Structures are given as structure tokens and as C-alpha cells.
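Dear colleague,

Please find the structure below, handed over for your records. My findings follow directly after it.

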Amino acid sequence: MLVTKVIEKKRLGGELTANEIHELIRGFTEGNVADYQMTAFAMAVCIRGMTPDEISALTLAMLESGDKLSREVSGEVPRVDKHSTGGLGDKVSLVLAPMLAACDLHVPMISGRGLGLTGGTLDKLESIEGFQTQLSGDAFDTALRQNGACIVGAGPSIAPADRRLYALRDVTGTVASTALITASILSKKLAASLDALVLDVKVGGGAFMQTIDQARELADSLQRVGALSGLKTSVLISDMDQPLGRAVGNAIEVNESLELLEGGTPRSKQLARARQLCIELGAMLLVDVGRSPDEEVARETLAQSIDNGSAKEAFLRMIKGQGGKLTGPLPLAPKHTVTATRSGHVEAIDCITIGETVVSLGGGRRNAGDKIDPKFGIEMNVAVGDRVESGDLLMLLHCSADTASDYTALLQATVRLADQPVAPHPLLIEQRPSRTLGESR
């Protein structure tokens, strides 16, 4: 295969054959296709796009560049997972995985690290002393069998072509491609040998997909390729015009996850939204693997797993099983208040600036090798639609005392107030049940 001809064909808008795509990815994995050639291919895909058949072939080629997790350890127990396209304060994995484990499902979750304004599940879990996010194959199987849930990073043998390609995309402006995003997500999820997958596609100011049309395009692609690959794939499009829950950061999101797992009535509407999203995503999975006759019964089952304490027990077992020591809430940096400068109704929240502030403080990373301090973060006290008076608390900033004043005015401006009442944003925008092969939307 002549690599330049494949790149040129895609640059001109042609449709690549499955064989051309597989040979390209195989050559890239084996070192016979240069990084600059793969970057040119990624740019051509960004500009020209890919057909569903091309995306499916790319997904399978990246999957086949590495290994799959063993299915034997689960036996007859259904294996499920969830993936989020990224959002501010999104700690759903920390809550949902143990909820599902408490419902006698196996959750082999391959997660990532944060980069930019969105935090990574692995970074949050590594706030816990001793927690191991890299396990050998045998250790992973043991943890999954004993605890029902195991959250780790993708090892070097899982979709290695995707890892190399993403590193190039991240520094060449080629991340924003529905085709490449789809193949990246599903190649790793298919490697986990799942029975069902639910996707939380975020849309709004704090999400990668800024418009509903972008979110729908990605949802269509993910579901279509999931069905072509034989994986039951359901989708929920959810609001990310404000943080999910109240906590934004690493240790602070672990603490909020613990609070959610305590059960009972959430202390705020923000926590109620986070709990609702976890339950909705989990309900779709329980129905897809036949553990519940419908989503209403599934929601009740999942809510009970929180309120009776079994989900929290599963969470603590998972933490201990991966070497973590967690006896209570994690320590945070000192808190500083950010208050409203006038009265009004919360019209919008600038998620990007809030996320960038956490990164600037050292609670996130701009580059893949950056170290983070998990103690930094923000706790929101308001949501879109709230009425606030001058001097009311908008948020708590957890940082060192000598830097708090540098960010106060900036954070005050992230909460935009209107004189007239504002309607709250709905959390759930669209819900799409899984599709079978050949079924159209």
C-alpha cells in the first residue's frame, strides 16, 4: 500500500476501503507509517469526514492493533460500561460504577486523565492515597471478580494505535472530528469485551460539543458504529451549560461522590441532578442486559442501591481492591468565599473560565506531563435559574491564601446575572435506546 495515495484519496473526499484503513493503521502501529503521514491523514479526515463504513473500519482497525480484556472472568455476569464525552464536575463514573456493581454487574472501566478544563476520572481516583490505576491483567481480573468494578487507565496493549494517534491529534488541531472521536472511544470500549455501553454525550458551554447539532452528530455516529460492532450502545444527551453537581476539582469531587453514595435526599438541586444522571444512565444499562423489564423498575433498583448503602460498600471495596486507603473525606486546600456583587437571577455560568481557574491553580493540567495538586478546587453554590442577593455566596474557592484574591473578581464574573427570572436548564435533553445491527434512527 502506498500511504501517500491513501492520504490523497481521503484529501480529495474519496471513500477508503476497509482494507486500506486496516493496512494504514497496521503500518502506523508497526512503525512503517510516519507520524507526519498519520497527521496528514487525520487532517484530511477532519476536513472531509468519513462514511459510517469507514468509521467502523477505523474503529475495528484500532481495536485490532492491540489486545482485548478477557471475558472469562465475568462468566455469565453481564459486563457494562459508561463513557462521557467530558464535562465540568463530571464525577458520574465514581458513583455509577459501584451502583452497577451493587446490582451484580461487572464494570471493567477503562478511563482517562484530564487535559484542559475537564477533569479525568483517573486523576480524581489518584487523589486517594495508594490507589492504583495501572494493574496487570491478572490483577485486573481479580479486582473485577472480587469487587464487581475496576477503574483503570488503558494499558500499553489496549488500542495502542489510538494512543499514538491521539497524541498527534492533541498537538495538531485534529481532535475535533466526529469520525476520529468515535473510533477513539469505541476502540477502547470494545477492547473491554462489553455486553452493553451507555454514552453520556454532553452539550453546552462546558462541553466539547457546544451545540445540540454537534452532540446529535456524535451520538448518531457512536450508536451506528456500536451497532455495526455488535455492541448494544445507548445514548443520553445531557446539559453541560453549568457544572454537574457542586464540586469541580479532584479531591473535592471524590468527596462529593462519597456524599452522593450516602443516599437520602440530596442537600442541593445540583447534587440531585448528579444523582439523577447516574440513575438514568444506569437504568439504560440494566434494561439492555435484561436485568430489568423497563427503565422505571431499573431506576428504583439503582436508587435503592444508593439508599441502602450497598453502592457505597461497593465503592469502598473497589478502592481497597486497587490499593487505596479511604477513611473519610479527602483534605482540601483552605476555602475562600466568592460572593455576588449585585442581586439578580443566574442566567449563565461560564464553565470554561471556572475550569481554567482550577487548572491555573494547579488542580488540572495543560500538558499531559503536568503534575496536579488534588486539593485545589471550587464548590458552586448557585445554579442557572437561582435568585441571588448582593453579598450571597456564589462559590467556595479552595486554594492557598496568597492566591485567592487574584481570582475573586474573575470568578464573580463567571456567574452572569439577569434582572428578570430565568428558567432552570433541563438536565436530560435526549435519550436514545440501544439499536441493533441494521436499525436506523
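Histidine 345 has arginine 387 of strand 10 as its bridge partner. Two bridges join strand 10 to strand 8 (residues 344–349), and the two run antiparallel. Here strands are DSSP runs (E, at least two residues) and helices likewise (H or I, at least four), numbered from the N terminus; two strands pair if DSSP finds at least two bridges between them. The model is a predicted one, in which local features need pLDDT of at least 70 and side-chain atom pairs count only at pLDDT 80 or more, while totals for chains, interfaces and linings use all residues. Residues are numbered from 1 along each chain as its sequence is written, and side-chain values use heavy atoms, with hydrogens and water left out.

Strand 8 belongs to an open sheet of three strands in the order 10-8-12, paired antiparallel. Strand 10 (387–388) and strand 12 (415–418) are its edge strands, each pairing on one side only.

A further open sheet has four strands in the order 6-9-11-7, again with antiparallel pairing. Strand 6 (247–249) and strand 7 (335–339) each have a single partner strand, so one side of each lacks a neighbour in the sheet. From one strand to the next, the twist averages 20°; axes are lines fitted to C-alpha atoms, for helices over the stretch in contact, and angles run from 0 to 180 degrees between N-to-C directions. Helix 15 (residues 351–363) packs on this sheet and touches strand 6, strand 9 and strand 11, contact meaning heavy atoms within 4.5 Å. The direction of helix 15 makes about 150° with that of strand 9. Strand 9 (residues 377–380) and strand 11 (residues 393–398) are joined by four bridges, and glycine 377 has histidine 398 of strand 11 as its bridge partner.

Among the helices, helix 4 (residues 52–63) packs against helix 10 (residues 212–228) at an angle of about 65°, with the axes 10 Å apart. Pro52, Ile55, Ser56 and Thr59 of helix 4 meet Ser221, Arg224, Val225 and Leu228 of helix 10.

Lastly, arginine 164 lies over the face of phenylalanine 28, 4.0 Å from the ring centre; the rule requires NZ of Lys or CZ of Arg within 6 Å of the ring centre and within 35 degrees of the ring normal.

Yours faithfully
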